[in-house]
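Q: I'd like a close look at one annotated part of this chain, with its surroundings filled in afterwards. Please keep the cut-offs visible as you go.

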Amino acid sequence: MTMKTEIETPTLRERVRIDGSPAEASLVADGTLRWSSDNGGEWCLALDSEVLGLEAVGLRIAIRAFVELTKGLASCGGGNGIGKRVRRGYVLEMPTEEAASRWTERMKDYLDSIGRPKRLFFFVNPFGGKKSACKIFDTEIKPLLLDADILYTVKETKYQLHAQEIAKSMDLLKYDGVVCVSGDGVLVEVVNGLLQREDWNTAIKIPLGIIPAGTGNGMAKSLLDSVGDLFSVSNATFSIIRGYRCPLDVVTVLQGKTKFFSVLMLTWGLVADIDIESEKYRWMGSARLDFYSLLRIMNLRKYHGHVQFVPAPGYEVYGEPIKQTNSCCEDDQGDKANVSACGYQGPAVSIEGCQWRSLDGPFISVWLNNVPWAGEHVMPAPNAVFSDGYLDAIIIKDCPKSALLSLMLKMNDGSYCESPYVMYLKVKAFRLEPGKRVGNPTKGGIVDSDGEVIARGDHVFNHNNKQENLMAYGPPIQMTVDQGLANIFSPR
Ligand SMILES: Nc1ncnc2c1ncn2[C@@H]1O[C@H](COP(=O)(O)OP(=O)(O)OP(=O)(O)O)[C@@H](O)[C@H]1O
């Protein structure tokens, strides 16, 4: 027999009716509402993890909850997160109006004390994924916001970089958070917009949120999966309503005088080729990635090139030590003022004195990740942590095609990393010098950051005969991590 310790002190007790049935109710100091019905059975609701909002009218308190579909007797706290949740109402009828207002005040005070957002700004990308973000907002997100008494402003993005433009100039004091109903692309634009502001150091601290409505939803998946929650729009929305947040590393990607900021990943070689070149098979739906992966592995490409990195403690065995770095950015460090008139300039801690190591090609694939998941079903970096100050580098130099095929099939649980062909290390900084394709010196690869092509070996020119990508293919591209620079709403 186990002894029950007195850690929960009931703060309020009352004879009530719940959904019409007489019951004995208590509201415990830790925010747990319990009741035992006269008809038998103990019930429990955790205000923090199961309640959206509440309202008192006369003797009645209407509680708007968000609970697991299979919520049973006395189960409290949102279960194991695996089950689907639904909105559900409970009505508490108090014996007096005085009791009703006392209980309401206590419950509202508790919800206020956990720092939930009250005013949110939403970017909705009507163009992302299956082009259903507006419908998702109206049918799945809005009802939860209304139940939680959250005031919201919605802005549909009209074109590429629209979200970045708005984030650069919007009045952030009006909001407790900026949420993207989109794929990862719009979130990255918001981070870039915030960091281009004069007041970037306060602007970047505004809590960011992501509700999956795109093709690439790696951030939403990483956040929900970190607590074992089911990947869904409503779970992502509820995690924003609850208001917990975690710090998020921001990566500065720099080449010469060009820079931008990333929060997800950068990839070159096999994965970038599959991600970008398979676009032409979009008509196949989700099968396009499997089909094109197979095609690329059968006709496997390798790329010449060179990488340098500052390993995290414990990862110094990889690569060869180098004394002097041929930094891509030495010139620019002294020239920082020219990079941008204002805004964030990159991590304050210098990496110049660090012990760099290097690896020479050819490479099959180089993949750097800030969070574990790159998409709903692809987990390249199982050990990635949102704010450890490191990028997880996954490098494949050589691998038989049959082994590569089986690695690709193990991408959905991260187990591919155990293969002896996969080099997995954590780095503080990374430099990529992408080269030409082995056996075909006229062809280069693709460097893809957060789903966008940033450099292409086969030059693509626009109608003004200017190279259309942000960066050049060949010269080093440097990535440095600023630990926990941003904040993101997280399930816990
Ligand atoms: N109205 C719009 N028309 C065209 N592009 C837009 C519009 N609004 C946003 N965008 C752009 O769409 C891109 C992708 O957005 P997002 O990440 O939300 O969706 P996605 O479906 O995951 O993306 P992808 O097209 O890379 O698969 C972003 O770069 C964004 O700038």
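Where along the chain does UniProt place the feature "domain: DAGKc"? Please start there and work outwards.

A: Happy to. The model is predicted: local features need pLDDT of at least 70 and side-chain atom pairs count only at pLDDT 80 or more, while totals for chains, interfaces and linings use all residues. Residues are numbered from 1 along each chain as its sequence is written.

UniProt, in an unreviewed entry, puts "domain: DAGKc" at residues 115–257; its positions follow the numbering used here, feature names are shortened, and annotations may be inferred rather than shown by experiment. Over this stretch the chain is 40% helix and 24% strand, and the C-alpha atoms at the two ends lie 40 Å apart. Helices (H or I, at least four residues) and strands (E, at least two) are DSSP runs, numbered from the N terminus.

Let's zoom in on helix α8, residues 233–242, where 8 of the 10 residues are buried, so the helix is largely enclosed by the rest of the structure. Buried means 20 or more other C-beta atoms within 10 Å of a residue's own, exposed means 12 or fewer, and partly exposed lies in between, with C-beta atoms placed from the backbone. The buried residues of α8 are N235, A236, T237, F238, S239, I240, I241 and R242. After the helix comes G243, with a positive phi near 90°.

A236 sits in α8 and is buried because 28 other C-beta atoms lie within 10 Å. Leaving out residues up to four places away in sequence, A236 touches I210, I211, P212, A220 and L224; a contact needs C-beta atoms, placed from the backbone, within 7 Å. P212 is 24 residues from A236 along the chain, yet their C-alpha atoms are separated by 7.6 Å.

Next, the ligand. Of the 21 residues around the ligand, G128, S182, G183, G185 and G214 come nearest, where a residue counts as near if its C-beta atom, placed from the backbone, lies within 6 Å of the molecule or strand in question. Helix α5, residues 184–195, gives the most to this shell, with 4 residues. By class the shell has 5 nonpolar, 13 polar and 3 charged residues; Ala, Val, Leu, Ile, Met, Phe, Trp, Tyr, Cys and Pro count as nonpolar, Asp, Glu, Lys and Arg as charged, and the others, Gly among them, as polar.

One backbone detail is L161, in the loop between β9 (151–156) and α4 (162–169). L161 has a positive phi of about 70° although it is not a glycine. Most residues other than glycine have a negative phi. L161 is partly exposed, with 14 other C-beta atoms within 10 Å.

Stepping back, the domain assignment, automatic or from a database, gives domain 1 (10–113), domain 2 (119–243) and domain 3 (253–335 + 351–481). The C-alpha centres of domain 1 and domain 2 are 30 Å apart, and their contact takes 11 residues from domain 1 and 14 from domain 2. On the domain 1 side, β5 (51–57), β6 (60–68) and β7 (85–93) are the elements giving two or more residues, and that side divides into 3 nonpolar, 3 polar and 5 charged residues.

Finally, for the chain as a whole, 44% of its 492 residues count as buried, and the C-alpha trace spans about 85 × 50 × 45 Å along its principal axes.

Note on methods: Two residues are in contact if their C-beta atoms, placed from the backbone, lie within 7 Å.
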